[in-house]
Amino acid sequence: MVYSEWLNQWLKTKQVKAKNSTISSYSLLISTHIVPILGDMEIEDIDDGSLQDAIDIWVSEGNRKTGGELSEKSVAEILRVTKSSIKAYCKKYRIPVPLFDELEVPKVGSRSHEVFTPDEQSIILKAILKNISERTAGIALGLLSGMRIGEICALQWDSVDMKENLITVEATLQRIYEPDEDSSRKSRILIDTPKTENSRRKIPMTTTMKNILTAIQPEDCEGLYVLSGKAKPLEAKSLRDFYYRFLDQQGLRKLTFHTLRHTFGTKCITCNIDPATLCKIMGHANPTITINLYCHPQIDDMRKAMEVLDEKWLK
């Protein structure tokens with residue numbers, strides 16, 4: 001079912017008990033913020049990745065009046081409505097409820113797509129190359145390929161083609177609630193195929209990324225996960241904890257793991273990779289998300305554009 005269609009049904013069920021003012025507030029959040037970004041998606045296709053992309057847009061430019069940041073309170077309310085409506089759908093149709101516990105909600109004022117500076121990127125990469133391991137490779141996959149943390153943890157060697165220099169993203173890891181007979185709330189790790197066609201993608205490896213993976217690849221790696229070297233994957237929380245310790249050791253700012261993905265996307269734009277191509281690499285639902293997240297020209301870019309225009313006028 002398309003999410004926008006379910007939201008209409010969900011609102012009708014809420015009208016039975018909720019106050020008119022509450023329904024009015026929900027309706028405004030849905031029409032103004034949720035539907036424009038997620039409304040066309042099949043509800044079962046909404047996962048941590050697609051919801052994280054939506055959060056990044058809500059935080060950075062969700063204010064419809066100014067085009068700027070939304071308050072933290074507003075973002076929290078939008079996210080609450082989104083999670084609640086998805087949970088209601090899962091409960092009605094008796095399917096596992098996604099925990100969405102890998103989401104990272106930046107604070108307003110910190111810029112949702114804050115990125116590591118070129119100097120910080122250099123420090124990170126040099127530290128990885130100095131101490132290549134399965135877990136530092138996980139950090140490299142975020143920085144050099146833009147993969148999401150769930151995709152990185154679910155990556156198996158079978159999906160890494162060293163001959164063609166390609167990584168095939170065909171699985172993602174997340175923790176879900178699974179209803180039990182005694183109605184207790186239990187969770188488990190679920191590794192499943194990405195839910196959207198765009199998320200199932202091939203990413204060309206840079207030479208540096210290939211060299212890092214080559215250094216940790218076991219001789220017999222069939223069926224093994226890249227980050228654990230075992231038949232059991234490394235949990236996202238373990239990778240994130242290692243990442244924060246890594247940043248601390250390098251004396252770097254404690255930016256979220258998702259910042260690696262934003263740094264990659266921003267780097268691609270500054271290297272003149274077009275948004276349509278970057279959309280495919282990032283696995284975004286559509287190029288609009290890519291443009292909203294990364295196509296924000298700096299003042300130097302605007303000066304160059306105006307100089308080109310001036311030259312055209314003078315001809």
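Trainee: In which sense do β3 and strand β6 pair, and over how many bridges?

Mentor: Strands of a sheet pair through backbone hydrogen bonds, either parallel or antiparallel. Here β3 and β6 (residues 201-204) pair in the antiparallel sense, over four bridges; two strands count as paired if DSSP finds at least two bridges between them. Strands are DSSP runs of E with at least two residues, helices are runs of H or I with at least four, and both are numbered from the N terminus. This is a predicted model, where local features need pLDDT of at least 70 and side-chain atom pairs count only at pLDDT 80 or more, while totals for chains, interfaces and linings use all residues. Residues are numbered from 1 along each chain as its sequence is written, and side-chain values use heavy atoms, with hydrogens and water left out.

Trainee: Which residue of β6 is the bridge partner of Ile-167?

Mentor: Ile-203 is the partner of Ile-167. β3 (residues 166-169) also pairs with β2 (residues 160-161), antiparallel and through two bridges. One contact there is Asp-161 with Leu-166 of β3. Four residues separate β2 from β3 in their hairpin, where Asn-165 has a positive phi near 55°.

Trainee: What is the strand order of the open sheet?

Mentor: The order is β2-β3-β6, three strands with antiparallel pairing. β2 and β6 are the edge strands with a single partner each, so one side of each has no neighbour in the sheet.

Trainee: How is the packing of α10 and α11 described?

Mentor: Two packed helices are described by the angle between their axes and the distance between the axes. For α10 (residues 258-270) and α11 (residues 275-282) the angle is about 155° and the axes are 10 Å apart. The axes are lines fitted to C-alpha atoms over the stretch in contact, and the angle runs from 0 to 180 degrees between N-to-C directions. α10 and α11 are therefore roughly antiparallel, the class for angles over 145 degrees. Their crossing is right-handed, that is, the near helix is turned clockwise from the far one by less than a right angle.

Trainee: At what angle do the axes of α2 and α3 cross?

Mentor: They cross at roughly 135° and come within 10 Å. α2 and α3 are therefore oblique to each other, the class left after roughly parallel (under 35 degrees), roughly perpendicular (65 to 115) and roughly antiparallel. The crossing of α2 and α3 is right-handed.

Trainee: How many cavities of 30 Å³ or more does the structure hold?

Mentor: Rolling a probe the size of a water molecule over the atoms shows where empty space is left. The structure holds two such cavities, each a set of points on a 1 Å grid where a 1.4 Å probe fits but cannot get out. The largest has about 290 Å³ of space, a volume being the space filled by probe spheres set on the points. Of its 26 lining residues (an atom within 4 Å of a point), Asp-47, Asp-48, Gly-49, Ser-50 and Arg-148 are the closest to the centre. α3 (48-61), α7 (149-153) and β4 (172-179) each give two or more residues to that lining, with the largest share, five residues, from α3.

Trainee: Which residues line the second largest cavity?

Mentor: Ile-37, Leu-38, Met-41, Ser-50, Asp-53, Ala-54, Ala-285 and Ile-289 do. This cavity has about 30 Å³ of space. α2 (20-38) and α3 each supply at least two lining residues, and α3 gives the largest share, three.

Methods:
1 Å grid on protein atoms, 1.4 Å probe; cavity = no way out; pocket = protein on both sides within 12 Å on 5 of 7 lines; lining within 4 Å.
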